[in-house]
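Visitor: I'd like a close look at a single part of this protein. Could you pick one helix and walk me through its surroundings?

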Amino acid sequence: MADYMVFDLVEEITRLDGSTYEELGNIIINGRAEYAAENHFIQQVRILKLNIPHSNHVEKVERYINEHYSDPGFSMTSWEEWRKTPEIQKEMQAILDDNRLG
């Protein structure tokens with residue numbers, strides 16, 4: 001697995017079907033999402049909030065993502081959505097609420 005990913009922003013991803021979801025990221029991952037949009041793997045990505053506090057909720061989601069996914073780099077041939085368990089989805093909702101995004 002690549003280096004441990006640390007998250008400090010919330011972004012909104014628009015899938016090819018037009019539906020959206022929020023995801024944690026960092027400036028590097030956001031750049032990869034921009035690359036994915038340019039290559040038509042997703043419609044678009046936009047940053048909703050920068051420099052989010054590194055709360056317990058963020059730490060739990062960050063740990064889960066790092067345990068189940070690796071940094072895709074720029075060699076991607078498709079967009080991999082990070083699927084979350086119901087427990088981790090609740091943590092993600094808490095992050096959105098804490099940052100007045102939910």
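Guide: Happy to; here is a walk along helix H3, its neighbours and the segment that follows. Please keep in mind that this is a predicted model.

Helix H3 runs over residues 86–98, 13 residues in total. From its first C-alpha to its last it reaches 18 Å, close to the 18 Å expected at 1.5 Å a residue. Its buried residues are Ile88, Glu91, Met92, Ala94, Ile95 and Leu96. Among the elements that cover them are strand E1 (9–14), strand E2 (20–25) and helix H2 (56–68).

Now for the core. In soluble globular proteins, nonpolar side chains tend to be buried together. Here the largest nonpolar core has 16 residues, and those touching the most other members are Phe7, Leu24, Val61, Ile65, Trp82 and Ile95. H2 and H3 are the elements that contribute two or more residues to this core. A second, separate core of eight residues includes Ile13, Tyr21, Ala33 and Ala36.

Valine 61 is a good place to zoom in. Setting aside neighbours within four places in sequence, valine 61 contacts Leu24, Lys84, Ile88, Glu91, Met92 and Ile95. Of these partners, Ile88, Glu91, Met92 and Ile95 are buried residues of H3.

Finally, look just past the helix. Arginine 100, in the segment after H3, has a positive phi near 55° although this residue is not a glycine. Arginine 100 counts as exposed because its relative accessibility is 79%, and the cut-off for exposed is over 50%.

Note on methods: Residues are numbered from 1 along each chain as its sequence is written. This is a predicted model: local features need pLDDT of at least 70, side-chain atom pairs count only at pLDDT 80 or more; totals for chains, interfaces and linings use all residues. Side-chain values use heavy atoms; hydrogens and water are left out. Helices (H or I, at least four residues) and strands (E, at least two) are DSSP runs, numbered from the N terminus. The expected span of a helix is 1.5 Å times one less than its number of residues. Buried means under 20% relative accessible area, exposed over 50%, partly exposed in between (1.4 Å probe, protein chains only). Contact means heavy atoms within 4.5 Å. A nonpolar core is a set of buried Ala, Val, Leu, Ile, Met, Phe, Trp, Tyr and Cys residues joined through side-chain atoms within 4.5 Å.
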